[in-house]
Every structure is written in C-alpha cells, then in structure tokens.
Amino acid sequence: MLEIRDLNVHYDMIHAIKGVSLEVHQGEIVTLIGANGAGKTTTLRTIAGLKKPTSGAITLKGEEITAASPRHRVQMGQALVPEGRHVFPGMTVLENLELGAYLRRDKAGIAADIEMVCGYFPILKDRRKQLAGTLSGGEQQMLAMARALMSRPEILLLDEPSMGLSPLLVSEIFAIIKTINGAGTTILLVEQNAGMALSIASRAYVMETGSIVLSGTGAELMESDEIRKAYLGG
Amino acid sequence: MDVFLQQLVNGISLGSIYALVALGYTMVYGIIKLINFAHCDIYMIGAYIGYFCMTFLGLGFLPSLLVAMLGCMVLGVLIEKIAYKPLRNAARISLLITAIGMSLFLEYGTMFFVTAKLRTYPALEGLMAKSFTVGGVMITMQQVVIVLTTVVLMLGLQYIVKYTRAGKAMRAVSMDKDAAELMGIDVNNTISVTFAIGSALAGAAGVLVGVYYNTINPLMGAVPGLKAFVAAVFGGIGLIPGAMVGGYVIGIIEVLVMGAGYSTYRDAVVFAILILILILKPAGLLGKNVGEKV
C-alpha cells in the first residue's frame, strides 16, 4: 500500500529524518512510536506532501509520489489527520466535513458519508451547526478524523490522535481507529502513547532522533525489554 | 437635519467606493498576510479602463464597468503570479517592499503611457444625469447607481465566499493553509482566485469614482487607497464584513467632517481614526483577539 525507501528530510541545516524506510501493507494498522522530536511528525508530513524530502522515495499503491502534490495524494486515496487537529476554526462542523470531501463531486455519496462519520462520532451530529473553533479538544480530534474520512481514504495517516485527551477519550478514539480499520481502511498511526498504540497495531516501528531503531509486530515490541524501559514505564 | 441627511447620503456613496477597495485589501491580507500596496493602483487602472471604454469606445456605464472589472481581474492575477508568488516562502517584509515597488511601477508606468494630466469622464446623459429630491435631500442618479452596484457586488461576493467551492477553498486557505492542502485544495490556485476577485472589485470602484467625481489621474489611487486600508483595519483586517462596515463608516465620517466645515482636516481625521483603533482595538471593530488553542 505505502512504501518509504531511504527517506532523508532536512530543515535548513538540520537533518531531521535520516534514511527512514518503512512499509504499510493493505489492511494493516502500523504504528510509528518514539519520543518527542524523534521525527515522527516530519515523516508523516513528508508522506502527506507538506514537506519535501531531500532524497528517498515514497510509493503509494505502486505509484511513486515523492514529488506529487498533496492534492494528488488525496486523489489517490491517502488522508492525513495532522498533529494538533487543524480543523477550520471559523467554519461549522458541517462545513469542515464538506471540505474533507472537497475533491469529490458525488453529492449523494457525500451526504451518505456525512451520515457514516456521524455514526462513528455521534457528538458531531449534535454540533454540526457549531463553529469548529468552539469545540473541545476531544471533539476537534473527532472532527479532524471525520473530516479526513470524508475523502474516502484507502490509507489514513494519524498524527498523535491521543494528544491532550483524557484517558477515557483516548480509549474511545482508539476503539474508533480499530473500527475504521475493520471497515477496510489501512492505518499508519504516529503516537507517543506507545502502550495504546502497540495494543492495536499489527506492526510497529520505533523511531529515535530521525532513524528507525527497531521494528516488529505489536506484540513483540510490547514484550521487548528495551521498549518497556524506554516507552512503557518499566 | 436635512443637511445632516444630505451628508449621510453623500457619505454612503463615498463609503461604497471605500468598501469595495477595502474588500480587496482584506481578502488578500486574509489569504497571504500581505498588505497589497499595489491594490490602490489597480483601482486607478480600473478608472482608466472605464474612461477609455466610455470615451473612445463609446460604451455605456454597465459594459465599461464589466470591462474594467475583467481587465483588473487579469492585472491582479498577473501581479500576483509575477511579483508575489516567487516570494511565497520569503520573509514578509520582502513581500511588503515588493508590493510598494509594484505600486510605484503601476503609478509611473501608467503615467508614462497616458501622461500625468487629468482626464475627465464623459458627462452622463439621460437617466444617469437625473436627480431627485426626497424630503429635502437631493439624491443623484449617480449615487443610486454607486450604491446599487456596490450592494450587488457585495451580495455576489458573499454568495461566492459562502456557497461556492472556490469560496470555501478561499476561507479554508485563509484559516489554515496546511489543512487546506490536506483537503486537496490547490493553494496557489485559490490565491489567484482571491486576487482576481479583489482586483475586480477595485476595478469597479475605479469606474464608480470616475463617474462620481469625473476626473481621474495616475496618482488618484494613493489617498483613497490608504483610506480604504484604514477602513479594512477599522473593520478588522482579514474579515470581509469588517471591510464593508469599515468602508461605510470611514466614508460617512469623512463626509460629515467636510460638511461640518473642516474640509482641510478630512484626511487627518481618517488617519487619527486609524491610530485610535490601533491603540484601542487592534483587531478591529469585528475582529476578535483569539489566542491559539493548544
């Protein structure tokens, strides 16, 4: 589905991503974990096309998209839920969802999908006329996810969906991620909450200062001493 | 009372023109955070296009207005593509200085081609030359046309911004460029559309001011441009309704100051308002000081 080969990304002089390779197969939940500043967000932003890599290749569904516009990537069936949600604050919940379907023209399908995502996140239905900027952090996270789903992605990239949310809400969000995956959407999940992420992931990569230092199945990494010490609190 | 109402009518006419120009300032600021100093010269060029249409092509008011809007639309998009787009990732001050340079280029470039002499719009005939009196207040047909044109354009703009795909894209880009890109919105395209619409409105304002005040010259944009900018800041820069309200408020205040016999101070009062608003409510009348949610 998605394959990254030897990706290097710089911010001016800073070498943020150093030769990262990873792959996500159809139907998987793959998680990328690591500490703050390890380069997880930069990796996702580069996959989404918001940041240009210095070298390396990104392939989506067999097509190389390293230089493609973000728009083309959305058309190909990829969507990113960015870190910090980035909902459109001055627009209503409904308008945010409609913008998620910006590249689609099938009115009936869009209406049906709004119903579908409101099924995942019922609170959005109650708040559909409310400005997104007035939602709570958790509600904004749900809106950002729902908005990304509106483009009918085959692969969904999620950047820190648990950030700043209460533990109860975190479990809820992760349950929904599993549901979305169950409905056929492949998922690449970036998380600091390693325990949560590993518990739902089929495979995982661990990132440290710009490089992948470890990879394996979710269960394997959960058992690994290194991971337990560094990310799971013993 | 009659005098006051009369001044109010005059103020609304002038305010319409400021509002149309202010909209362009505010829309461009909203989307790329640039104070487009060349905007007031697009308004001037709109006035000249209208003048040439009416004088040499013998076109009526409405066709001239449309040609001027179209011409300015093209000009605005070209300016953005040639002068501003290459600086998309440069420091904002570079962009601002480029805008000032573009403004001077347009002013003196126009002067080179049409000379600095004043041009006079042809006298209006027929219905457009009429006026009527309502309860002691004289309203000219020109004023009616100015206000009507402005209202129609503003309603059109509201419709575009609220309900069309291009309008939604414009709002999305102005709120969050990255998120807009993630939706698949073509940001460069959307910026061009914004310049096109803002410039067309300025072009319309140029023709209206030609019809209202009759004379035009290559430097005519400078002072009204600054006042329209004040209007945009007054209403809250980046906010479309703010520019509309600001334009009318500034126009009415200016005319009232003149009506009270202080014509010499009309510009000073407008700029004093700018200073006051920046001290008291920097976000503008309709603006909110919003902190970022983390």
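This tour moves through a predicted model, selection by selection.

**Chain A as a whole**

Select chain A and view it alone. The chain contains 10 helices and 10 strands. Its C-alpha trace spans about 45 × 40 × 30 Å along the principal axes. A compact globule of 234 residues would have a radius of gyration near 17 Å, and chain A agrees with this, because its own value is 17 Å. Of the 234 residues in the chain, 45% count as buried. Among the contacts in chain A with a separation of 6 or more, 65% are accounted for by residues 24 or more positions apart.

**The sheet of six strands**

Next, display the strands of chain A in the order β6, β7, β8, β3, β9, β10. These form an open sheet of 6 strands with mixed pairing. At the edges are β6 (78–81) and β10, each of which pairs on one side only. On average, neighbouring strands in this sheet are turned by 15 degrees against each other, direction ignored.

**Two helices on the sheet**

Keep the sheet visible and add residues 40–48 of chain A, which make up helix α1. This helix packs on the sheet and touches β3, β6, β7 (155–159), β8 and β9 of chain A. The direction of α1 makes about 145 degrees with that of β7(A).

Then add helix α7, residues 167–182 of chain A. Helix α7 also packs on the sheet, where it touches β3, β7 and β8 of chain A. Its direction makes about 155 degrees with that of β8(A).

**Strand β3**

Now select residues 29–34 of chain A, which form strand β3. How many of its 6 residues are buried? The count is 6 of the 6, so the strand is largely enclosed by the rest of the structure. Turn the view to compare the two faces of β3(A): A:I29, A:T31 and A:I33 lie on one side, A:V30, A:L32 and A:G34 on the other, and all are buried.

Two strands can be traced from β3(A). With strand β8 (residues 186–191) of chain A, β3(A) runs parallel, joined by 5 bridges. To see one bridge pair, select A:I29 together with its partner A:I187 in β8(A). With β9(A), β3(A) likewise runs parallel, and 5 bridges join the two. Here, select A:L32 and its bridge partner in β9(A), A:Y205.

**The hairpin of β9 and β10**

Move along the sheet to residues 203–208 of chain A, strand β9, and residues 211–217, strand β10. In which sense do these strands pair? The pairing is antiparallel, over 6 bridges. Two of the bridge pairs can be picked out by selecting A:M207 with A:I212, and A:E208 with A:S211. The hairpin has 2 residues between its strands, and A:T209 takes a positive phi near 35 degrees.

**Positive phi in two loops**

Most residues other than glycine have a negative phi. Two further selections therefore deserve attention against that background.

Select A:K61, in the loop between β4 (55–60) and β5 (63–64) of chain A. This residue is not a glycine, yet its phi is positive, at about 50 degrees. A:K61 is partly exposed because 14 other C-beta atoms lie within 10 Å.

Then select B:T115, in the loop between α4 (92–114) and β1 (119–120) of chain B. Its phi is near 65 degrees, again a positive value in a residue other than glycine. Is B:T115 buried or exposed? B:T115 is exposed, because 11 other C-beta atoms lie within 10 Å, and the cut-off for an exposed residue is 12 or fewer.

**A buried methionine in chain B**

Remain in chain B and select B:M244, in helix α10 (residues 240–259). B:M244 is buried, because 27 other C-beta atoms lie within 10 Å. Leaving aside neighbours within four places in sequence, B:M244 is in contact with B:A19 and B:M154. For a distance, select B:M73 as well: B:M244 and B:M73 are 171 residues apart in sequence and 20 Å apart in space, C-alpha to C-alpha.

**Where the chains meet**

Finally, show both chains. The contact takes 19 residues from chain A and 13 residues from chain B. On the side of chain A that touches chain B, α2 (70–75) and α3 (93–100) are the elements that give two or more residues. Helix α2(A) gives the most, with 4 residues. By class, this side of chain A has 12 nonpolar, 5 polar and 2 charged residues.

Methods
Residues numbered from 1 in each chain as written. Chains lettered and ligands numbered in written order. Predicted model: local features only at pLDDT ≥ 70, side-chain atom pairs only at ≥ 80, totals over all residues. Pairing = 2+ DSSP bridges. Buried ≥ 20, exposed ≤ 12 C-beta atoms within 10 Å, placed from the backbone. Contact = placed C-beta atoms within 7 Å. Nonpolar A, V, L, I, M, F, W, Y, C, P; charged D, E, K, R; others polar. Rg over C-alpha atoms; globule rule 2.2 N^0.38 Å. Axes fitted to C-alpha atoms, helices over the stretch in contact; angles between N-to-C directions.
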